[in-house]
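User: Please take a close look at the sheet in this model and at what packs around it. Keep it brisk.

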Amino acid sequence: MAHGKTNVTLYHPVNIGNITIDGNLFLAPLAGYTDRAFRSVCIEHGASFTYTEMVSAEGLARGSEHTEKLLTRAENEPLLGVQIFMDEASVAQRSIERLQLSNPTVVDINCGCPVPKVVKIGAGSALLREPQKIHDIVAILKKSMNVPVSVKIRLGWDVQTINYWETTDAALSAGADMITMHARTRAMGYSGTADWEALADLKSFVTKRNPQVPVFGSGDLFTPLAAKNLLEQTHIDGVMFARGALGNPFIFTDTYNLLIHGEDAPFHQVEERVSVLLRQLDRMGKDVGERLACREMRKHAAAYLKGIPHASKAKQALVTSSSFSDYEEVCKELVEESRNAW
């Protein structure tokens, strides 16, 4: 059922510092997922802007080859946000020389990752407990680099210490050009429900401080309608799709079509899904080799096949697939089975 033409102002360009992005549907940085192969297919399906996986500032400072590979752009990626994590400003300072070599469009500071191995070194969500460190990190990047700086936060460490006003104030006072909030606490991880009312409050808070700074939201965005509702209810400037884009790069175009034309998202047929899956696998293979790509692609493949009737056999087969030919054969069989089912 179509919704009729909707409020076209929900989709619009975004200014981040001196950079203008054509649209406001972004792919969030996701460790272990947003490599350049996945980013490239998201761009092909309408992502306005993409971010790297979370990059260690310490790794950059030490010249880690593995870390620097994370900064490589896809061929269709003229603009790229680089998200870095660190525990303090001195680490950010030491990473700047190598960070600049990647010519990032935007540098994003991760203050939201809840993963224990990141938090225990004082990075990610640990920074929510020390707003002054967020200020200092933003300040050193703004002083040393001529690119916009964005900050990604959460509501707070836990429900007893919700402090997104303080962390946002610290970031803005140091010159941050954009704020994104995953509307959960660190203690929640990815459980429970994102607090969209807090995103509306954050937008109001930032607008009073500096109306030029865009506010983006993340959390519970698994459908185009959810993104539309979030934009309407909170008046934030844009959305970042995270888990909702995994196995579903179509969500960007589908959301665009809903926002602009009022069109409901179509059911993406098996042929279309496996075609994009195999395209992503091929690109990943060119970067990391066939065997590793096949192993890394398994987590994506399960998401691509989610919701497809009678796909359980294919999912089980892909768990042990270790070659491109394995993937192609499983996908071919799944397409044939889906046609026969009709």
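Analyst: Two strands pair if DSSP finds at least two bridges between them. The model is predicted. On that definition, 9 strands form an open sheet. Their order is S4-S3-S11-S10-S9-S8-S7-S6-S5, and the pairing is parallel.

Start at the edges. Strand S4 (49–50) and strand S5 (55–56) stand there. Each has a single partner strand, so one side of each is left without a neighbour in the sheet.

Now one pair within the sheet. Strand S7 (residues 106–110) and strand S8 (residues 149–154) run parallel and are joined by 4 bridges. Val107 stands opposite Val149 in S8.

Helix H9 (residues 224–234) packs on the sheet. Helix H9 touches strand S10 (215–218) and strand S11 (238–241). The direction of H9 makes about 145° with that of S11.

Next, a residue of another helix. Thr167 lies in helix H7 (residues 164–173). Thr167 has a relative accessible area of 0%, so it is buried. Its contacts beyond four places in sequence are Leu128, Pro131, Ile134 and Ile153. The side chain of Thr167 also reaches the backbone oxygen of Tyr164, at 3.3 Å.

Last, a helix pair. The axes of helix H4 (residues 89–101) and helix H6 (residues 131–144) come within 9 Å and cross at roughly 30°. The crossing is right-handed. H4 contributes Ala89, Ala92, Gln93, Ile96 and Gln100 to the contact. H6 contributes Asp136, Ile137, Ile140, Leu141 and Ser144. By class, the contact has 6 nonpolar, 3 polar and 1 charged residues.

Notes. Residues numbered from 1 in each chain as written. Predicted model: local features only at pLDDT ≥ 70, side-chain atom pairs only at ≥ 80, totals over all residues. Heavy atoms only, no water. Axes fitted to C-alpha atoms, helices over the stretch in contact; angles between N-to-C directions. Helix = DSSP H or I, 4+ residues; strand = E, 2+ residues; numbered from the N terminus. Left-handed = near helix turned anticlockwise from the far one by under 90°. Contact = heavy atoms within 4.5 Å. Nonpolar A, V, L, I, M, F, W, Y, C, P; charged D, E, K, R; others polar. Buried < 20%, exposed > 50% of the residue type's maximum accessible area, 1.4 Å probe, protein only. Polar contact = N/O pair within 3.5 Å; in protein donor to acceptor, adjacent residues only side chain to side chain.
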